[in-house]
Amino acid sequence: MAGHEIPEPADRKQVADPGSVPQPVGESRPSCDPAFRHGVVVGFDGSMSSERALAYAIGMANRHGSGLIIVHVANRLPTTVWAGCEPPVFVDVPDHRTEVLGLELACADYLAEVPWVLVERGGDICHELEEVGREYSADAIVVGSTHGIVGRIFGSVAGRLARRAQRPVIVIP
């Protein structure tokens with residue numbers, strides 16, 4: 001029936017103001033525990049250099065009276081859809097290493113002197129460490145140095161993080 005308007009029901013409630021500007025939706029990540037605000041973020045993967053970084057971060061958090069945010073970045077492998085020449089897509093690889101690291105850390109006596117939390121992320125290590133640092137308003141990010149040919153060829157995580165981070169980065173040899 002062209003030209004005829006359907007009348008609005010009298011009991012209909014207006015849900016939004018038609019002239020209002022829509023507000024952006026907040027981030028999907030849950031808010032972090034305020035007890036760890038201004039804590040120390042440390043990258044940890046169980047390697048010898050990350051254990052040294054963890055030891056330094058524990059002492060730093062203890063001296064400052066702050067919490068320790070231990071970050072493990074799980075593996076993500078890039079795959080490309082060759083047929084359509086589409087940009088790379090990242091595929092999550094099952095990584096049970098975080099569970100094992102969490103159990104090891106829970107049983108460690110040296111972590112008893114400082115409050116700590118283990119955060120698992122997936123993606124680029126530098127980006128995720130900086131993102132966690134931003135979320136927790138961290139005072140510093142502590143990482144271990146990379147030794148070996150892979151770090152020399154592709155650039156170390158510590159070097160890339162130190163160049164782009166918005167907060168102090170401490171590299172432990």
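Three short exercises follow on the strands, helices and confidence of this predicted model.

**Exercise 1. Work out the strand order of the open sheet, and explain why strands S5 and S7 each have a side without a neighbour.**

Step 1. Read across the sheet. Its five strands run in the order S5-S2-S1-S6-S7. The pairing is parallel.

Step 2. Check one pair. Strand S1 (residues 40–43) joins strand S2 (residues 68–74) through four bridges, in the parallel sense. In this pairing, Val 42 sits opposite Ile 70 of S2.

Step 3. Go to the edges. Strand S5 (116–122) and strand S7 (169–172) each have a single partner strand, so one side of each lacks a neighbour in the sheet.

Step 4. Add the twist. From one strand to the next, it averages 25°.

**Exercise 2. Find which strands helices H2 and H5 touch or cross, and at what angles they run.**

Step 1. Take H2, residues 97–106. This helix lies across S2 and S5. Relative to S5, H2 runs at about 170°.

Step 2. Take H5, residues 157–164. This helix packs on the sheet and touches strand S6 (140–144) and S7. The directions of H5 and S6 make about 160°.

**Exercise 3. Locate the elements with the lowest and highest mean pLDDT, then the stretches below 50.**

Step 1. Start with the chain. The average pLDDT is 75, and 64% of the residues score at least 70.

Step 2. Compare elements. Strand S4 (residues 89–92) has the lowest mean pLDDT, 48, while S1 has the highest, 95.

Step 3. Scan for values below 50. Residues 20–28 qualify, with two contacts beyond near neighbours in sequence. Residues 79–85 also qualify, with six such contacts.

Key: Residues numbered from 1 in each chain as written. Predicted model: local features only at pLDDT ≥ 70, side-chain atom pairs only at ≥ 80, totals over all residues. Heavy atoms only, no water. Pairing = 2+ DSSP bridges. Helix = DSSP H or I, 4+ residues; strand = E, 2+ residues; numbered from the N terminus. Axes fitted to C-alpha atoms, helices over the stretch in contact; angles between N-to-C directions. Contact = heavy atoms within 4.5 Å. pLDDT = per-residue confidence, 0-100.
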